[in-house]
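Hi,

Here's the structure I said I'd pass on. Have a look at it first, and then read on for what turned up in it.

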Amino acid sequence: MATTKRTEKQLKKDLQLEEGSVYVSSWGRVYSSPTVTADLISEVESNVYLAGALDKQQRTVFKDRKDFAVHIIDADTDEPDQDASKDIMRMVKKPDVRLWMKMQAAWRESATWGPALFNPVWGYDGAEYVLKSLRLLPSATFRRAGSGTSRIQNPILPGICLNADNEIEFWQLQSDLAVKQLQNVVMMTDPVRSGLGGRPLIQPVVPIISMLDFSWVGLMQQNNLLGAGGLFVIEVTNPKGDDVNYAQNIVNNIGRGVAFQTRQNMKIVNLGITSTNVAIDTINLLDRLITNYFSPASSISKDGTLIGGSAGPEYDLYMSYILGQQAWVEDAFEQLLQPYLDENGYTNHSIQIDIPAPQVDKSEFWLKLVDEGHKTQSISLNERRAILTWAGAELEELDDEGVQKLQDEYSKSTPATAGFGLQQAKVMTEIAKIDPGDPYAFISKGSQRKFYQATLGIQDGEA
């Protein structure tokens, strides 16, 4: 094949040399808001901010195990059937059922993923139809679609879907990575978060968690860079080959105990920035956003009048939120246990699950109320005793004789004219300071003693 000799001018034209300086900076990371997916939820659910907020809510909603109860209510009397209630309580406490813990797991799964999925195993124990096992199916295992005919899929867990006949299907990812359709599945969701499989409680804060992670990485990089002498860029003159990548590798790893040597065409340019609070201020702001999102009373202004300014509205909102969370869990598990009634002949009965509500100590409030009622004379003695009973004291209502006896007991040490009597006692105290040898001293010590006794209502020998 013939070749043509090229002139020097043509060679220079064809050979495009890299010229000029390139600056490789240490702030090359750019944040972009992520799409909420199953993989992202798996990544953020162990985040310290999110896990802490969910743990606190869970321990508040499910606070008192010892008062947890499952009742079978007789519709004729609207009262619990004691024997039947004992039987079902014995069933739900079995090791393979453990309803108290499964309700907590249902709330947590719903908060994190949207649905809570269980595999209930029913069977006969003698003549009684019982729940033998209640298996939690981790929501994360439904992250893969399994049916090509599904019409609607859960946006985060596509293994939960509607088929062409509008029937819900459940496709679970197995340990061998195969996707298998399950038949005996019960799905629970918070009804206020609608959609096929519901929506996670945490969904609005997942991007905030990503921002927090981004900010913490930025803060750590800033600490490393400041420890290395401040923020800087690397000037690369006439870069060739992997010069730019090499410089980028230096700025990404500076301060991490990794030694690098700059090349001859590289120069460190220090920007003179030695400190910044942007990252930590951003972290504090995002932390407050998460706290406010999970706080039932965050809409109350502590200083002003957004809804109210006192602990009363805050307590009401707090209890409304907690009772609302408990209500949907109770309702879901009452439906789960319905086969127990159907198969055991309880035709005129219903199941009632009671998750204990948090109790707030109001003793200080009652004591203040008693004190104010006494000062304003707006609450009677027996009413004040009743209030103290609500606060925890064991006091009975007094009849007229008991009231008189109590008043006599107090009047003995603090007479009705105590205000005037104490003023007299103060005057006598000043008189007592007078030197008895003073010709102007006009009251003897014996007279002083008798006056004190009369004023305070005590006899000789009493304290």
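The chain has an accessible surface of about 28,800 Å², and carbon and sulfur atoms hold 52% of that. (Accessible areas here come from the Shrake-Rupley method with a 1.4 Å probe, and for residues only the protein chains shown count as cover.) Before you go further: this is a predicted model, in which local features need pLDDT of at least 70 and side-chain atom pairs count only at pLDDT 80 or more, while totals for chains, interfaces and linings use all residues. Residues are numbered from 1 along each chain as its sequence is written, and side-chain values use heavy atoms, with hydrogens and water left out.

Now the overall picture. Of the chain's 463 residues, 35% are buried. Buried means under 20% relative accessible area, exposed means over 50%, and partly exposed is in between (1.4 Å probe, protein chains only). You'll find 15 helices and 13 strands; these are DSSP runs numbered from the N terminus, with helices being H or I of at least four residues and strands being E of at least two. If you look at contacts (heavy atoms within 4.5 Å) between residues at least 6 apart in sequence, 66% of them join residues at least 24 apart.

Strand 4 is a good place to start. Its residues are 115-125, and eight of the 11 are buried, so the strand is mostly covered. Two strands count as paired if DSSP finds at least two bridges between them. Strand 4 has nine bridges to strand 5 (residues 128-137), and the two run antiparallel. One of the matched pairs is proline 120 with leucine 134 in strand 5. Together, strands 4 and 5 make a hairpin with two residues in between, and glycine 126 in that turn has a positive phi of about 70 degrees. Strand 4 also pairs with strand 10, again antiparallel, over four bridges; there, leucine 117 has methionine 187 as its bridge partner.

Next, two open sheets. One has three strands in the order 3-2-13, with antiparallel pairing. Strand 3 (79-80) and strand 13 (349-354) are its edge strands, each pairing on one side only. Strand 2 (residues 69-74) is joined to strand 13 by six bridges, and aspartate 74 sits opposite histidine 349 of strand 13. Helix 4 (residues 82-92) lies across strands 2, 3 and 13, and runs at about 145 degrees to strand 2. (For that angle, axes are lines fitted to C-alpha atoms, for helices over the stretch in contact, and angles go from 0 to 180 degrees between N-to-C directions.)

The other open sheet has four strands, ordered 6-7-8-9, and its pairing is antiparallel too. Strand 6 (152-153) and strand 9 (179-182) are at the edges with a single partner strand each, so one side of each has no neighbour in the sheet. Four bridges link strand 8 (residues 168-173) to strand 9, where glutamine 172 faces lysine 180.

Three single residues are worth a click:

- Threonine 112 is in helix 5 (residues 99-113). With 3% relative accessibility, threonine 112 counts as buried. Leaving aside neighbours within four places in sequence, its contacts are Ile41, Glu45, Leu54, Pro200 and Ile202.
- Aspartate 190 is in the loop between strand 10 (186-189) and helix 6 (206-227). Aspartate 190 is also buried, at 5% relative accessibility. Beyond neighbours within four places in sequence, aspartate 190 touches Ser110, Gln325 and Trp328.
- Threonine 262 is in the loop between helix 7 (243-253) and strand 12 (266-270). Is threonine 262 buried or partly exposed? It counts as partly exposed, because its relative accessibility is 35%. Threonine 262 and alanine 247 are 15 residues apart in sequence and 7.8 Å apart in space, C-alpha to C-alpha.

Last, the largest pocket, with a volume of about 530 Å³. Of its 15 lining residues, the closest to the centre are His374, Leu381, Arg384, Leu406 and Tyr410. Helix 11 (363-376), helix 12 (381-390) and helix 13 (400-413) are the elements that give two or more residues to the lining. A pocket, on a 1 Å grid over the protein atoms alone, is an open set of points where a 1.4 Å probe fits, with protein on both sides within 12 Å along at least five of seven lines; lining residues have an atom within 4 Å of a point. The volume is the space filled by probe spheres set on the points, which are joined across faces, edges and corners.

Happy browsing!
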